[in-house]
Each structure stands twice: as C-alpha cells, then as structure tokens.
Amino acid sequence: MTVLHNDFESCGVLDLKLVGTDNYVKHPETKILMWAWAIDDGPVHLWEPHLGPMPAEALDALRDPNVIKAAWHANFER
C-alpha cells in the first residue's frame, strides 16, 4: 500500500499551547508556510504555497482514500 509522508510548518498569531490545535488551525491568520512530503521511499519534496499551487501528484495522494497518510505529529497534521 502507498504511504504519503507529511510534515507541515505553519505560523499564526495565537499561542498553540494556550488555545489548542483546533482553534490555532481555524484562525484566519494561521498560514501554512511549507509542506514536506514524500511517497513511500521516494524523494522528499517541498511545497511552499506562496510559490504556486500544490503539485498534482501530492494533491492526488492526499485525496486518495487508498493512500495511507503518515506524519510525525499526526493529530496536528490532520
């Protein structure tokens, strides 16, 4: 089975430890700075939203219910 490995980096004005993950990610000023991703044991790619749209291969893997999504801090990455 295919595995999509994920690591998002974000920034926001709220203190994540004080407000919790849900409030932090839903705040309108929280932004994704970059997303590192790899499929299976393939090369690691970096997407920076301010530089252009998400690569189709990555978006397809995110949307595919048959692809396992893995992340170091999975609750936050969700």
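Visitor: Are Trp-35 and Trp-37 buried or exposed?

Guide: In this predicted model, both Trp-35 and Trp-37 are buried. That word requires a relative accessible area under 20%. Trp-35 shares this status with Phe-8, which is likewise buried.

Visitor: How many aromatic pairs are there, and what makes the pair of Phe-8 and Trp-35 a stacked one?

Guide: The count comes to three aromatic pairs. For Phe-8 and Trp-35, the ring centres lie 5.3 Å apart and the planes meet at 10°. Pairing requires centres within 6.5 Å, and stacking requires planes under 30 degrees apart; the pair is therefore called stacked. Phe-8 belongs to strand S1 and Trp-35 to strand S2, with their positions 27 residues apart, so that the pair links distant parts of the chain.

Visitor: Why is the pair of Trp-35 and Trp-37 also called stacked?

Guide: Its centre-to-centre distance is 5.7 Å and its planes are 25° apart. Since the limits are 6.5 Å for pairing and 30 degrees for stacking, the pair qualifies as stacked. Phe-8, Trp-35 and Trp-37, together with Trp-47, form one aromatic cluster.

Visitor: What makes S3 and S4 the edges of the sheet?

Guide: The sheet is open, and its four strands follow the order S3-S2-S1-S4 with mixed pairing. Strand S3 (45-47) and strand S4 (68-71) each have a single partner strand, so one side of each lacks a neighbour in the sheet. On average, neighbouring strands are turned by 30° against each other, direction ignored. Helix H3 (residues 56-63) packs on this sheet and touches S1, S2 and S4. The direction of H3 makes about 85° with that of S2.

Visitor: How do you know that S1 and S2 are paired?

Guide: Eight bridges join strand S1 (residues 3-11) to strand S2 (residues 31-39). At least two bridges are needed, so the strands count as paired; they run antiparallel. One of the residues involved is Asp-7, whose bridge partner in S2 is Ala-36.

Visitor: Why is the contact between Asp-22 and Lys-26 called a salt bridge?

Guide: The N to O distance between their side chains is 3.2 Å. The cut-off is 4 Å, so the contact is a salt bridge. A search of the whole structure finds one salt bridge. Asp-22 and Lys-26 both lie in helix H2 (residues 21-26), four residues apart, about one turn of the helix.

Visitor: Why does Lys-26 count as exposed, and what is Asp-22 called?

Guide: Lys-26 has a relative accessibility of 61%; exposed means over 50%, so Lys-26 counts as exposed. Asp-22, at 45%, is partly exposed, because that term covers the range between 20% and 50%.

Key: Residues numbered from 1 in each chain as written. Predicted model: local features only at pLDDT ≥ 70, side-chain atom pairs only at ≥ 80, totals over all residues. Heavy atoms only, no water. Helix = DSSP H or I, 4+ residues; strand = E, 2+ residues; numbered from the N terminus. Axes fitted to C-alpha atoms, helices over the stretch in contact; angles between N-to-C directions. Contact = heavy atoms within 4.5 Å. Phe/Tyr/Trp six-rings, centres within 6.5 Å; stacked < 30°, edge-to-face > 60°. Buried < 20%, exposed > 50% of the residue type's maximum accessible area, 1.4 Å probe, protein only.
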